Amino acid sequence: KNDLSVYYKQYQLLQNHVKTLICYSGVYNIEDHYSHETKRNVEKVSAMNPIMSGKDNFHLYSPSLLVPKINEIYNQFQSELEELLSPTRIHIFHGDSDIVVPLDTSQNFYTSLVQSEFHNHSKSENNNNEEEDLDGKDKCLHKFKIIKDCNHFYIIFHLMQPSERLHKPLISELKQIIQ
């Protein structure tokens, strides 16, 4: 139970200040990414292990693993939390040619969000902000977009350079989110 309250406190601090989170080609499960780095033989030069104070702490910094914990807290205290908190909208973008961070990292994080009751809870006034999920069947507060012909670095570099081919589509996506 103490473990759950730590997750809740971390989430509450973030949620009270952030209404929309935009994620680009991120690492959402540290243990999975460390395994990916090991397969690429870069784990010894990676900052992942020392920054997280060792492998035993990877779960504490992995959003894909935190969402189910937050959902568990929400289910326990649903009536108290519904009026106090509204979920943060999360927009995830990932390039289909990314070899640094595998695409399935973002897909798995998005799936954990979609499956989370808390993260899909929305009051009636929030319904205009809902997006369709990957299958187009259900509605949720989150969006996942795969950027075609985009590697790990293009997604950010193209945002910064108006002359790059992905600049306009990425800026257009950001404008839609902001509005």
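Which side chain meets that of K143 in a salt bridge? In this predicted model, the partner is E173, with an N to O distance of 2.8 Å. K143 belongs to strand β5, which spans residues 143–147, and E173 to helix α9, which spans residues 167–178, so the contact ties together parts that are 30 residues apart in sequence.

Both ends of this pair are buried by the cut-off of under 20% relative accessible area. K143 has a relative accessibility of 18%. For E173 the value is 11%.

E173 also takes part in a salt bridge with K145. Here the N to O distance is 3.1 Å. K145 lies in strand β5 and E173 in helix α9, so this pair ties together parts that are 28 residues apart in sequence. K145 has a relative accessibility of 30% and therefore counts as partly exposed, because the partly exposed class runs between 20% and 50%.

A search of the whole structure finds 2 salt bridges. General chemistry gives the background: side chains of opposite charge can pair when their charged atoms come close. In this model, salt bridges link K143, K145 and E173 in a network. E173 meets K143 at 2.8 Å and K145 at 3.1 Å. Within this network, K143 is buried, E173 is buried, and K145 is partly exposed.

Terms used: Residues numbered from 1 in each chain as written. Predicted model: local features only at pLDDT ≥ 70, side-chain atom pairs only at ≥ 80, totals over all residues. Heavy atoms only, no water. Salt bridge = Lys/Arg side-chain N within 4 Å of Asp/Glu carboxyl O. Helix = DSSP H or I, 4+ residues; strand = E, 2+ residues; numbered from the N terminus. Buried < 20%, exposed > 50% of the residue type's maximum accessible area, 1.4 Å probe, protein only.
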